[in-house]
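Hi everyone, thanks for making time for this. I'd like to walk you through one structure, with a few stops along the way. Here it is on the screen.

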Amino acid sequence: MFADFLKRLTQSDAEDFPDEDARLALTALLVRIARSDHDYSTAERERIDRINARRYGLGPGAVSALREEAEALEAEAPDTVRFTRAIKDAVPYEDRLSVVKALWEVVLADGARAQEEDALVRMVTNFLGISDRDSALVRQDINPQA
C-alpha cells in the first residue's frame, strides 16, 4: 500500500493528485516534523489532529484515522523530498504558506523548538519554494495556545 502511495507521489501530475493523497502527504510531513526531535508528544499529535480537522473539516474519528495512516506512511518513507515535491507541485504558493504555518504549529505545540525541528522546517520550506522571510512571518502569526 505505502509503496504504491510513494510511487504516486513521485509520478503524479499536479492535476492528477487526489485530495486524499494530498491530505496524507501533508499529514505525513507534519508527523515527520513532530518526530524529528525524537519526542513525538501527545501535544504534537493533538495539534496535528486539530490542524487536519480545521483544514479538511474532518470529525474526530476521521482525523485520528488520517494521522494513524500518515504515521505508518512516514515511518516507511525514505525521504522528505517526496512529500514536499508532491505538495509543491499540487498546491499554489499561498496555500503552501498555510502548509508552512501548519509545520510551525506542530513544532511549537509542545512549547519547545528543538534544533532538529528547526532544521527540518527550514529544509522543507526551501523544498516547498517558500522564502525564509515568508516562513518567519508565518511563524510569528502563530498562537501556540490555539
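Let's begin at Ala112, which, leaving out residues up to four places away in sequence, touches Val107 and Glu117. Ala112 sits in the loop between α6 and α7. Its relative accessibility is 40%, so Ala112 counts as partly exposed. One thing to keep in mind throughout: this is a predicted model.

Let me step back for the overall picture. The protein chain has eight helices and zero strands. Read from the N terminus, the order of elements is therefore easy to remember, since it is α-α-α-α-α-α-α-α. Of the 146 residues in the protein chain, 45% are buried. The accessible surface comes to about 7,300 Å², and carbon and sulfur atoms account for 46% of that. For those of you who like contact statistics: take the contacts between residues at least 6 apart in sequence, and 77% of them join residues at least 24 apart.

Now to the next loop along, the one between α7 and α8, where we find Ile130. Is Ile130 buried or exposed? Its relative accessibility is 4%, and buried means under 20%, so Ile130 counts as buried. And what does Ile130 touch, not counting residues up to four places away in sequence? The list is Tyr93, Arg96, Leu97, Val100, Thr125 and Ser135. For one of those, Arg96, we also have a backbone distance: the C-alpha atoms of Ile130 and Arg96 are separated by 7.6 Å, with their positions 34 residues apart along the chain.

That takes us into helix α8, residues 132-140. Which residues of α8 are buried? They are Asp134, Ser135 and Val138. These residues cover an arc of only 100° around the axis, so they sit on the same side of α8. The face turned away from that buried side carries the exposed residues Asp132, Arg133 and Gln140. As for what covers the buried residues of α8, that includes α6, residues 93-108, and α7, residues 115-127.

Let's zoom in on Asp134 for a moment. Setting aside neighbours within four places in sequence, Asp134 is in contact with Tyr93 and Leu97. With Tyr93 there is a polar contact between the two side chains, at 2.5 Å. You may recall that Tyr93 and Leu97 are also among the residues touched by Ile130.

Helix α5, residues 81-90, gives us another helix to look at in this way. Its buried residues are Phe83, Thr84, Ala86 and Ile87. They span an arc of only 160° around the axis, and so they are on the same side of α5.

Next, helix α4, which runs over residues 60-76 and contains Arg67. Where does Arg67 fall, buried or exposed? With a relative accessible area of 10%, under the 20% cut-off, Arg67 is buried. Its side chain makes a polar contact with the side chain of Asp49, at 2.8 Å. Beyond its neighbours within four places in sequence, Arg67 is in contact with Thr27, Val31, Tyr40, Arg45, Ile48 and Asp49.

Glu69 is also in helix α4. Glu69 has a relative accessible area of 31%, so it counts as partly exposed. The C-alpha atoms of Glu69 and Thr27 are 8.9 Å apart, and the two residues are 42 apart along the chain. Thr27, remember, is one of the contacts of Arg67.

Two more names from the Arg67 list, Arg45 and Tyr40, have a relationship of their own. Arg45 lies over the face of Tyr40, at 5.0 Å from the ring centre. There is a second arrangement of this kind, where Arg139 lies over the face of Trp104, at 5.1 Å from the ring centre. And how many aromatic pairs does the structure hold? The count is zero.

My last stop is for anyone who checks backbone torsions. His38 is in the loop between α2, residues 19-35, and α3, residues 42-56. Its phi is near 65°, a positive value in a residue other than glycine. With a relative accessible area of 74%, over the 50% cut-off, His38 is exposed.

That's my tour. Thanks for listening, and I'm happy to go back to any of these stops.

Technical notes:
Residues numbered from 1 in each chain as written. Predicted model: local features only at pLDDT ≥ 70, side-chain atom pairs only at ≥ 80, totals over all residues. Heavy atoms only, no water. Helix = DSSP H or I, 4+ residues; strand = E, 2+ residues; numbered from the N terminus. Polar contact = N/O pair within 3.5 Å; in protein donor to acceptor, adjacent residues only side chain to side chain. Contact = heavy atoms within 4.5 Å. Buried < 20%, exposed > 50% of the residue type's maximum accessible area, 1.4 Å probe, protein only. Phe/Tyr/Trp six-rings, centres within 6.5 Å; stacked < 30°, edge-to-face > 60°. Lys NZ or Arg CZ within 6 Å of the ring centre and 35° of its normal. Arc of directions from axis to C-beta. Areas by Shrake-Rupley, 256 points an atom, 1.4 Å probe, with all protein chains shown as cover.
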